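Work through the exercises below with the sequence and the model side by side. Try each task before reading its solution.

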Amino acid sequence: MTNTAPGFSFAIESAPETGLARAGRITTPHGEIATPAFIPVGTKATVKSVLPEAMADLGAQALLANAYHLYLQPGPDILDEAGGLGKFMNWDKPTFTDSGGFQVLSLGVGFKKVLAMDATTFRSDQVIAGNKDRLAHVDDDGVTFKSHLNGSFHRFTAEISMQIQHKIGADVMFAFDECTTLHNTRPYQELAMKRTHEWAIRCLDEHQRLTLERSQKPYQALYGVIQGAQYEDLRREAALDLGSMSSSGISFDGFGIGGALDKASLGTIVGWVNETLPQEKPKHLLGIGAPEDLFVGVENGIDTFDCVLASRIARSSAVYINDGRINISNASYIRDFNPIDSECDCYTCRNYTRAYLCHLFRGKEIVAATLATIHNERFIVRLVDQMRAHLIAGTFHEFKADFLGRYLHRSGQASN
RNA sequence: GUGGGCGUAGCUCAGCUGGUAGAGCACUCGGUUGUGGUCCGAGAUGUCGCGGGUUCGAGCCCCGUCGUUCACC
């Protein structure tokens with residue numbers, strides 16, 4: 001089954017035997033993405049510390065950048081003049097851009113706060129920024145940001161986000177949404193979701209206008225974003241509305257699932273949404289990327305993921321191995337002349353030792369981040385690729401049991 | 001030689017008019033999920049230069065001594 005838009009399509013390749021989980025293929029003007037796939041994040045048109053060529057070498061099929069950050073620097077016109085995001089950064093494969101919706105949260109109520117995960121652990125002043133502390137303020141029409149770079153004020157609306165994302169020129173764009181935390185009240189979640197829906201319609205309209213206006217450019221797909229926090233009725237309502245939403249004669253090419261998601265209820269929430277959304281369109285889970293969470297996403301129907309976790313933790317010396325997650329700068333690795341993971345096929349593991357990485361981190365050398373990020377991104381990209389292969393082979397559940405049995409064993413011991 | 005200052009955690013230093021010690025960095029270990037190259041959290045560390053004395057009690061007061069530094073001869 002294939003959903004076709006000019007230059008963009010998605011085809012499901014696996015037999016429908018494992019519930020929502022599926023393997024598929026996204027086609028964009030800049031090439032294909034075999035799904036499920038993990039899409040590394042290059043917020044400012046670079047995966048921090050790693051060359052685009054190295055990202056291609058480690059198997060990344062696409063990269064995701066951020067409209068808000070690129071709007072502030074260098075500005076969308078520069079990207080447009082450069083020939084688009086991919087051309088600008090010497091990346092000839094598919095690209096995605098996030099809309100800036102996440103910054104509504106990360107610079108708004110979540111600014112310098114705990115955005116996570118366990119809603120019961122924190123006091124409200126630890127999770128909700130005071131009004132005067134925020135760099136983003138939301139109203140029904142849009143968001144006013146105060147730049148974290150120089151304090152200047154900037155206005156984002158659905159239309160402006162689409163204009164910026166069209167100029168950036170990624171193959172897949174996201175509708176401008178309001179991302180909330182689990183700590184917002186239920187009435188606020190309803191309000192935010194209502195805004196997100198109104199903005200979704202405005203995004204479709206502006207997207208259609210810009211697509212016609214820029215018809216000489218490669219087609220850019222638009223994904224709607226499903227919000228609704230931890231509430232089943234809101235999630236299903238959002239999925240139903242956006243799934244069937246049509247305006248200016250077009251509908252969404254795919255969907256993102258957003259929000260600060262609770263680890264424990266991640267699968268349940270994604271399941272509600274993907275049961276309700278049209279099956280034939282691609283689903284992207286925004287911002288999720290811990291190994292155990294990727295399995296949950298895939299088995300609940302997610303096709304693509306993006307996440308900064310692998311690269312962020314790499315910069316502070318945490319690396320994934322099949323036996324869990326280790327901190328390569330720990331004293332125990334000072335004289336360990338083995339690769340990070342002897343089973344890993346990444347550039348770092350083929351050429352460098354734990355002792356060298358340990359030394360580089362302790363010396364605060366730049367290439368420490370490079371080598372650790374290459375390893376972690378390869379680990380996560382390969383993990384999701386393996387899930388795809390096992391979905392096609394019909395052995396997904398065995399693979400999941402084997403992998404997690406080993407990966408989580410270490411944290412189960414958790415005495416060190 | 002004389003006079004003064006300073007010797008407290010690996011480092012730089014706080015310790016009010018005496019009540020057996022703290023901070024930052026470093027160190028050890030966690031954490032980070034649509035990225036403000038960060039940030040957050042936890043932990044370990046001392047014969048308070050040395051030896052006497054006064055006191056119920058001294059890192060704080062007194063004497064001596066060693067080291068260091070400054071000023072003056």
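The exercises go from confidence and overall shape to the RNA surface, the core and single residues.

**Conventions.** Residues are numbered from 1 along each chain as its sequence is written, while chains are lettered from A and ligands numbered from 1 in the order in which they are written. This is a predicted model: local features need pLDDT of at least 70, side-chain atom pairs count only at pLDDT 80 or more, and totals for chains, interfaces and linings use all residues.

**Exercise 1. Find out how far chain A can be trusted, and where it cannot be read in detail.**

Step 1. Take the average. pLDDT is the predictor's confidence in each residue, from 0 to 100. Chain A averages 91, and 92% of the residues score at least 70.

Step 2. Look for weak stretches. Residues 116–123 have a pLDDT below 50, yet this stretch has eight contacts in the model beyond near neighbours in sequence. Two residues are in contact if their C-beta atoms, placed from the backbone, lie within 7 Å. Residues 411–416 are also below 50, with one contact beyond near neighbours in sequence.

Step 3. Apply the caution. Where pLDDT is low, the predicted coordinates should not be read in detail.

Step 4. Add the global scores. The model has ipTM 0.83 and pTM 0.92.

**Exercise 2. Compare the radius of gyration of chain A with that of a compact globule.**

Step 1. State the rule. The radius of gyration is taken over C-alpha atoms, and the globule rule is 2.2 Å times the number of residues to the power 0.38.

Step 2. Apply it. For 416 residues, the rule gives a value near 22 Å; chain A has 21 Å, which agrees.

Step 3. Add the extents. The C-alpha trace spans about 60 × 50 × 45 Å along its principal axes.

Step 4. Count the elements. Chain A has 16 helices and 19 strands. Helices (H or I, at least four residues) and strands (E, at least two) are DSSP runs, numbered from the N terminus.

**Exercise 3. Describe the surface near RNA strand B.**

Step 1. List the nearest residues. A residue is near a molecule or strand if its C-beta atom, placed from the backbone, lies within 6 Å of it. Of the 48 residues around strand B, Cys-179, Gly-287, Val-308, Ser-311 and Asn-330 come nearest.

Step 2. Assign elements. Helix H5 (101–106), strand S17 (304–307), helix H12 (309–315) and helix H15 (366–393) each supply at least two residues. H12 gives the most, with four.

**Exercise 4. Locate the hubs of the largest nonpolar core.**

Step 1. Define burial. A residue is buried if 20 or more other C-beta atoms lie within 10 Å of its own, exposed if 12 or fewer, and partly exposed in between, with C-beta atoms placed from the backbone. In chain A, 48% of the residues count as buried.

Step 2. Define the core. It is a set of buried Ala, Val, Leu, Ile, Met, Phe, Trp, Tyr and Cys residues joined through C-beta atoms within 7 Å.

Step 3. Name hubs. The largest core has 115 residues; among those touching the most other members are Leu-63, Phe-305 and Leu-357. H15 gives the most to this core, with twelve residues.

Step 4. Inspect one hub. Beyond four places in sequence, Leu-357 is in contact with Ile-328, Ile-340, Tyr-352, Ala-368, Leu-371 and Ala-372.

**Exercise 5. Is Leu-234 buried or exposed? What about Gln-208?**

Step 1. Leu-234 is found in helix H9. Leu-234 is buried because 20 other C-beta atoms lie within 10 Å. Leaving out residues up to four places away, Leu-234 touches Gln-189, Glu-190, Met-193, Gly-228 and Ala-229.

Step 2. Gln-208 lies in helix H8 (residues 186–213). Gln-208 has 16 C-beta neighbours inside 10 Å, so Gln-208 counts as partly exposed.

**Exercise 6. Which non-glycine residues with positive phi sit in these two loops: S12 to H9, and H14 to H15?**

Step 1. Ala-229 lies in the loop between S12 and H9. Its phi is about 50°. With 28 C-beta neighbours inside 10 Å, Ala-229 counts as buried.

Step 2. Lys-364 lies in the loop between helix H14 (354–362) and H15. Its phi is about 55°. With 8 C-beta neighbours inside 10 Å, Lys-364 counts as exposed.
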